[in-house]
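Work through the exercises below with the sequence and coordinates open. Try each task before reading its solution.

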Amino acid sequence: MTGSNFKDKDMQAVIGWVLRLGVIISMAVVFIGGVIYLYRHGHTIADYKTFSGVPEFLQTPRGILNGIVTFRGRAIIQAGIVLLIATPVIRIICSAIGFIMEKDYLYTGITIFVLMIIVIGMFTGHAG
Amino acid sequence: MSVIVFTLIILVGAYFAGLLGSLTGLGGGVVIIPLLTLVLHVNIHYAIGASLISVIATSSGSAAAYVREGITNIRIGMFLEIATTAGALLGAVLSLYIHAPVIAVIFGVILIFSAIMSLKKKVQVISQTESEWAQKLKLNGSYPTAEDEVKYGVRKVGGGFIMMLFAGIISGLLGIGSGSLKVVAMDSIMRIPFKVSTTTSNFMIGVTAAASAVVYLQRGYIDPGLSMPVVIGVLLGALTGSKILVHAKSSGWLRWVFAVIVTVLAVQMIYNGVTGKI
């Protein structure tokens, strides 16, 4: 157990680091986007009463990228939010690599299984 | 209401939601959703999307610290995440078919349950008995205290797993962390010491929420104009709360105040749901 114990500690350090960095970066992006959004649209009327879904340009990666290039606040915020959602997913990928390095194949399998559930969500989100 | 006023109101509200949430352990989502829907008349689907994003931020932020200290049990977390992510996905898909008033009523019921749970006194029991499954899955572990390492065993893995599936569905359906349900699974059923169960629950919440967030994102439920003040406010509030918590002697009265607020909000959500106002 002493050998694998050391590696568990390593994994903890990496995971802690990934989570913290992910939150900091995504919040910085959301903040920048928020300032631009308020500067441009601060005086329009807020309406969230009826559900109509977010505008087209925020629904696809291409649309978001386009929005960032053209300096659209909401696209930049959305990019930050995508980074935030990606943070725990990246954490899972790091755990999978960690378990492979520990030669703990049972948990490598469990981790990849969890990852697959999320990927299924990504590909079926639009359908159904 | 202009966007700038609307954003500022949410920012302040979210700050206090995050502050109270971290001080009482209930999470910010339980206040954010009633604030957005009851006070600002935001459509509940948008409110759920924004709350879910704030849940990912606060859980990732605080999990980072606990994981480094070695209190979180990564294997228990990883194994139970099978149940919570599958549940979250199911919950997110279900929410597309369940009508808003029904969601409001379910939300109210879960809120009342969470409030009661936050008041329950926690008695630390270290179980040394370990089930066969816990051994096979290497779930038993230890955590550091000021004196030495405390070893613990895990029981009733199957029961805990099923409870986690339910917690995941609720999280995906309502856009909250459903931490109180996760703690029930780990504390009461699996007999994991609460220091480990609360931190591991926190660790899992980010992944659970991310699983349903990928569905909500594609469905257009996550509006950047709304998510921005919610996520920034809740995160700053939670940061302040964790700083206060280190110095605070007792948060007993605060728990009571918060539980009462949450119950009042819950009753209003249920009332508005039943009368079809949401």
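A residue counts as buried under 20% relative accessible area, as exposed over 50%, and as partly exposed in between. The model is predicted.

**Exercise 1. Classify Val257(B) and locate its distant partner.**

Task: Is Val257(B) buried, partly exposed or exposed?

Solution.
- Step 1. Find the element. Val257(B) sits in helix α11 of chain B, residues 252-274.
- Step 2. Read the accessibility. The relative value is 40%, so Val257(B) is partly exposed.
- Step 3. Check the chain for a residue that is remote in sequence. Thr24(B) is 233 residues away along the sequence, yet the C-alpha to C-alpha distance is 9.8 Å.

**Exercise 2. Repeat the analysis for Glu69(B).**

Task: Which helix holds Glu69(B), and how many residues separate Glu69(B) from Pro144(B) in sequence?

Solution.
- Step 1. The helix is α3 of chain B, which covers residues 44-69.
- Step 2. Relative accessibility is 48%, so Glu69(B) is classed as partly exposed.
- Step 3. Glu69(B) and Pro144(B) lie 75 residues apart in sequence. Their C-alpha atoms are 8.1 Å apart in space.

**Exercise 3. Describe the surroundings of Glu81(B).**

Task: What does Glu81(B) contact, leaving aside neighbours within four places in sequence?

Solution.
- Step 1. Place the residue. Glu81(B) belongs to helix α4 of chain B, residues 74-95.
- Step 2. Classify. Glu81(B) has 0% relative accessibility and is therefore buried.
- Step 3. List the partners from chain A. They are Arg91(A) and Val114(A).
- Step 4. List the partners from chain B. They are Ala86(B), Phe203(B), Met204(B) and Val207(B).

**Exercise 4. Inspect two backbone angles.**

Task: Where are Phe71(A) and Arg191(B), and what is phi in Phe71(A) and in Arg191(B)?

Solution.
- Step 1. Phe71(A) lies in the loop between α2 and α3 of chain A. Its phi is near 65 degrees, a positive value in a residue other than glycine.
- Step 2. Arg191(B) lies in the loop between α8 (179-189) and α9 (194-219) of chain B. Phi of Arg191(B) is near 60 degrees, also positive in a residue other than glycine.
- Step 3. Arg191(B) has 35% relative accessibility, so it is partly exposed.

**Exercise 5. Summarise the fold of chain B.**

Task: How many helices and strands does chain B have, and why is chain B described as being as compact as a globular protein of its length?

Solution.
- Step 1. Count. Chain B has 11 helices and two strands.
- Step 2. Order them. The pattern along the sequence is α-α-α-α-α-α-β-β-α-α-α-α-α.
- Step 3. Compare sizes. The radius of gyration is 18 Å, close to the 19 Å that the globule rule gives for 278 residues, so chain B is as compact as a globular protein of that length.
- Step 4. Add the box. Along the principal axes, the C-alpha atoms fill roughly 55 × 40 × 30 Å.
- Step 5. Check burial. Of the 278 residues, 60% are buried.
- Step 6. Check contact range. Among contacts with a separation of 6 or more, 80% join residues 24 or more positions apart.
- Step 7. Examine the surface. Chain B exposes about 10500 Å², and carbon and sulfur atoms supply 68% of it.
- Step 8. Locate the charges. The mean positions of the 18 positive and 9 negative charges are 8 Å apart.

**Exercise 6. Judge the confidence.**

Task: What ipTM and pTM does the predictor give the complex?

Solution.
- Step 1. The ipTM is 0.89 and the pTM is 0.90.
- Step 2. Chain A has a mean pLDDT of 86, with 92% of its residues at 70 or more.
- Step 3. Chain B has a mean pLDDT of 87, with 96% of its residues at 70 or more.
- Step 4. Among the elements of chain A, helix α2 (residues 61-69) has the lowest mean pLDDT, 85, and helix α3 (residues 73-101) the highest, 93.

Note on methods: Residues are numbered from 1 along each chain as its sequence is written. Chains are lettered from A and ligands numbered from 1 in the order in which they are written. This is a predicted model: local features need pLDDT of at least 70, side-chain atom pairs count only at pLDDT 80 or more; totals for chains, interfaces and linings use all residues. Side-chain values use heavy atoms; hydrogens and water are left out. Helices (H or I, at least four residues) and strands (E, at least two) are DSSP runs, numbered from the N terminus. The radius of gyration is taken over C-alpha atoms; the globule rule is 2.2 Å times the number of residues to the power 0.38. Buried means under 20% relative accessible area, exposed over 50%, partly exposed in between (1.4 Å probe, protein chains only). Contact means heavy atoms within 4.5 Å. Accessible areas come from the Shrake-Rupley method with a 1.4 Å probe; for residues, only the protein chains shown count as cover. Lys and Arg count as positive and Asp and Glu as negative; His and the chain ends are not counted. The place of a charge is taken as NZ of Lys, CZ of Arg, CG of Asp or CD of Glu. pLDDT is the predictor's confidence in each residue, from 0 to 100.
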